[in-house]
Amino acid sequence: MADQDATNGGGGSFEPGSEPQVSVLAQYIKDLSVENPSSPQVYQWQVQPNLDVQFNINVEKVADDIHEVTLKIDVSARSENGVHFVVDLSYAGLFGIRNAPEEALPPFLLVEAPRLIFPFARQVIADAVTNTGFPPLLLDPIDFTGAYLSQLQAAQQQQAGEGEGGTSEPAPSESPSEA
């Protein structure tokens, strides 16, 4: 029993060097815009601003085994007095992925990769807001898994709706931006 081949794992058919490998090659600020358009008056306002936080994930294949995952986060603070601050950040990571099955790429690139780079993007935003003269803004963690699953569910519902109607065009009441 002690002589079993350790690379086989007892039941798999992996050859040495064929197991999936993932590495973070680099991470960086791709674009950063910080605006404080109402200064210096904003520092005299006694009202709490409403925060609006939006995020988007973009994946681009840059080489055979290398993908760039860009996490775009837009934060704005506004009140009835005006705009307090606006921060737009595109933070990216380069991920090397080898020997991974094709069906494993979307969950990794749209869930795990953004989860890995989010803490660094969060720190960039906190520092940017602090540098505008406001207290640091610490963003709550983003549920990338939930966002991915709801995107999959919406795509499946859209496909099911297209299959029932017999056409591939959306119904007149739907628009592509609502999906």
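Contact here means heavy atoms within 4.5 Å. Keep that cut-off in mind for the stop at L71, later in this tour of a predicted model.

**The whole chain**

Start with the whole chain shown as a cartoon. The chain holds two helices and four strands. Followed from the N terminus, the elements come in the order β-β-β-β-α-α. Of the 179 residues in the chain, 27% are buried. Among contacts between residues at least 6 apart in sequence, 66% join residues at least 24 apart.

**The sheet**

Select the four strands next. They make an open sheet in the order β1-β4-β3-β2, and the pairing is antiparallel. The edge positions belong to β1 (21–35) and β2 (50–63); each has a single partner strand, so one side of each lacks a neighbour in the sheet. From one strand to the next, the twist averages 15°.

In general, the strands of a sheet pair through backbone hydrogen bonds, in a parallel or an antiparallel way.

**From β2 to β3**

Select residues 50–63 and 66–79. A hairpin of two residues connects β2 to β3, and 13 bridges join these antiparallel strands. For one pair to look at, pick Q54, which stands opposite D74 in β3. Ten of the 14 residues of β3 are buried, so the rest of the structure largely encloses this strand.

**From β3 to β4**

Now add residues 82–98, which are β4. Another hairpin, again through two residues, leads from β3 to β4. These two strands run antiparallel and are joined by 14 bridges. Two places to zoom in are S76, whose bridge partner in β4 is V86, and V69, which stands opposite G93 in β4.

Stay on G93, since β1 also reaches it: G93 is the bridge partner of Q27. β1 and β4 pair in the antiparallel sense over 13 bridges. Is β4 enclosed or open to the outside? Of its 17 residues, 13 are buried, so β4 is largely enclosed by the rest of the structure.

**Helix α1**

Select residues 105–131. This is α1, which lies across β1, β2, β3 and β4 and runs at about 140° to β4. With 27 residues at 1.5 Å a residue, α1 should span 39 Å; its end C-alpha atoms are 37 Å apart, which agrees. Move along the helix to F118, where α1 bends by about 40°. A proline, P119, follows within four residues of the bend. Just after α1, look at G133, which takes a positive phi of about 100°.

**The nonpolar core**

In soluble globular proteins, nonpolar side chains tend to be buried together. In this model, the largest nonpolar core has 31 residues. To find it, select L71, I73, F85 and I125, the residues with the most contacts inside it. The elements giving two or more residues to this core are β3, β4, α1 and α2 (144–165). Which element gives the largest share? It is α1, with twelve residues.

**Last stop: L71**

Finish at L71 and show what surrounds it. Leaving out residues up to four places away in sequence, L71 touches these residues:

- F55, N56 and I57
- L89, S90 and Y91
- P114, I117, F118 and A121
- F144

One of these, F118, is the residue at which α1 bends.

Key
Residues are numbered from 1 along each chain as its sequence is written. This is a predicted model: local features need pLDDT of at least 70, side-chain atom pairs count only at pLDDT 80 or more; totals for chains, interfaces and linings use all residues. Side-chain values use heavy atoms; hydrogens and water are left out. Two strands pair if DSSP finds at least two bridges between them. Axes are lines fitted to C-alpha atoms, for helices over the stretch in contact, and angles run from 0 to 180 degrees between N-to-C directions. Buried means under 20% relative accessible area, exposed over 50%, partly exposed in between (1.4 Å probe, protein chains only). A nonpolar core is a set of buried Ala, Val, Leu, Ile, Met, Phe, Trp, Tyr and Cys residues joined through side-chain atoms within 4.5 Å. The expected span of a helix is 1.5 Å times one less than its number of residues. The bend at a residue is the angle between axes fitted to the seven residues ending there and the seven starting there.
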